[in-house]
Amino acid sequence: DVIVYAYETSKEQNNGIPKHLNYIESILRNWYDLGLYTVEDIKSNVIDNKKRYDIYKLIFKSLGFNRQPGTEEKRIMDTWIDKYDMDIEIILEACSNAKNTNNPSISYINGIIERYRKENVKTLDDINQLNENYKRKKEQQKINLSKQSIPKVKTRFHNINESFRNYSPDELK
């Protein structure tokens, strides 16, 4: 049954014309190496691969890429899905955050996903909360910097030692 299915697969992939026996043999060898010994195992593997390919395609489409993912890119995306157990919505949100950069890449998104993982982000609300906290922190830093800095007036005498700034207005009087 598996040999007949390999022959049919070869026909489907080549528009109704079966390929050489060497090609069919390589299909069978590949299935054997993957531990697929029955037609049902092969069909379920093909369905799983199709689902994963659709996820890759969705991520790349959200980034505006019109190409197939490379091996390393697939490995990184598999890590997000399998190891980190990230929901596709969170991955797509990370992709939308990366669109604002000049050159979005999988490694840039991987950094975002790693940050989400460290912050234990599980939902889109967690991402919104994280972004709000980041904005508040940046605004607080701006306020602190503006309080600390003394406005420096640039004149043609800006290189001189302005020792009068060390005294209060009463001391100067």
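This report describes the helices, cores, salt bridges and a few single residues of a predicted model.

## Confidence of the model

The mean pLDDT of this predicted protein is 87, and 90% of its residues reach 70 or more. Confidence varies among the elements: helix 4 has the highest mean pLDDT, 94, and helix 8 (residues 169-172) has the lowest, 83.

## Helix 3

Helix 3 covers residues 39-63. Its length can be checked with simple arithmetic. At 1.5 Å a residue, its 25 residues should span 36 Å, and the C-alpha atoms at its ends are 36 Å apart, so the expected and computed values agree. The residue that follows helix 3 is Gly64, which has a positive phi near 85°.

Which residues of helix 3 are buried? They are Val39, Ile42, Tyr56, Ile59, Phe60, Ser62 and Leu63. These buried residues pack against helix 1 (2-13), helix 2, helix 4 (71-83), helix 5 (88-98) and helix 6.

## The nonpolar cores

The largest nonpolar core holds 24 residues. Those with the most contacts inside this core are Ile59, Trp80, Ile91, Ile106, Ile109, Ile113 and Tyr116. At least two residues of the core come from each of helix 3, helix 4, helix 5, helix 6 and helix 7. A second core is separate and has 9 residues, among them Tyr5, Ala6, Ile27 and Leu36.

Ile59 belongs to the buried residues of helix 3 and also to the largest core. Leaving aside residues up to four places away in sequence, Ile59 touches Met77, Trp80, Ile88, Ile91, Leu92, Cys95 and Ile106. Of these contacts, Trp80, Ile91 and Ile106 are also listed among the core residues with the most contacts.

## Salt bridges within helices

The structure contains 7 salt bridges. Side chains of opposite charge can pair when their charged atoms come close. One such pair is Arg29 and Glu25, whose closest N and O atoms are 2.6 Å apart. Why can these two side chains reach each other along the chain? Arg29 and Glu25 are 4 residues apart in helix 2 (residues 21-33), and therefore about one helical turn separates them. An α-helix has 3.6 residues a turn, so residues three or four places apart point the same way. Both partners are partly exposed: Arg29 has a relative accessibility of 45%, and Glu25 has a relative accessible area of 39%.

Helix 3 has a pair of this kind as well. The side chains of Lys50 and Asp54 form a salt bridge, with an N to O distance of 3.2 Å. Lys50 and Asp54 are 4 residues apart in helix 3, about one turn of the helix. Lys50 is partly exposed at 48%, and Asp54 is partly exposed at 35%. In helix 6 (residues 106-118), Arg117 and Glu114 are 3 residues apart, again about one turn. The closest N and O atoms of Arg117 and Glu114 are 3.2 Å apart, and the two residues form a salt bridge. Arg117 is partly exposed, with a relative accessible area of 41%, and Glu114 is partly exposed at 23%.

## A salt-bridge network

Salt bridges also link Arg52, Asp78 and Asp82 in a network. Arg52 falls within the residue range of helix 3, 39-63, while Asp78 and Asp82 fall within the range of helix 4, 71-83.

## A buried serine in helix 1

Is Ser10 buried or exposed? Ser10, which is found in helix 1, has a relative accessibility of 0% and therefore counts as buried, as the cut-off is under 20%. Residues up to four places away in sequence are not counted in its contacts, which are Ile17, Pro18, Lys19, Tyr23, Ile24 and Ile27. Of these, Ile27 is also a member of the second core.

## Positive phi in the loops

Two residues other than glycine have a positive phi: Asp85, near 55°, and Asn120, at about 60°. Where does Asp85 lie? Asp85 is in the loop between helix 4 and helix 5. Asp85 is exposed, with a relative accessible area of 62%. Asn120 is in the loop between helix 6 and helix 7 (124-148).

Note on methods
Residues numbered from 1 in each chain as written. Predicted model: local features only at pLDDT ≥ 70, side-chain atom pairs only at ≥ 80, totals over all residues. Heavy atoms only, no water. Salt bridge = Lys/Arg side-chain N within 4 Å of Asp/Glu carboxyl O. Buried < 20%, exposed > 50% of the residue type's maximum accessible area, 1.4 Å probe, protein only. Expected span 1.5 Å × (residues − 1). Contact = heavy atoms within 4.5 Å. pLDDT = per-residue confidence, 0-100. Core = buried A, V, L, I, M, F, W, Y, C linked by side-chain atoms within 4.5 Å.
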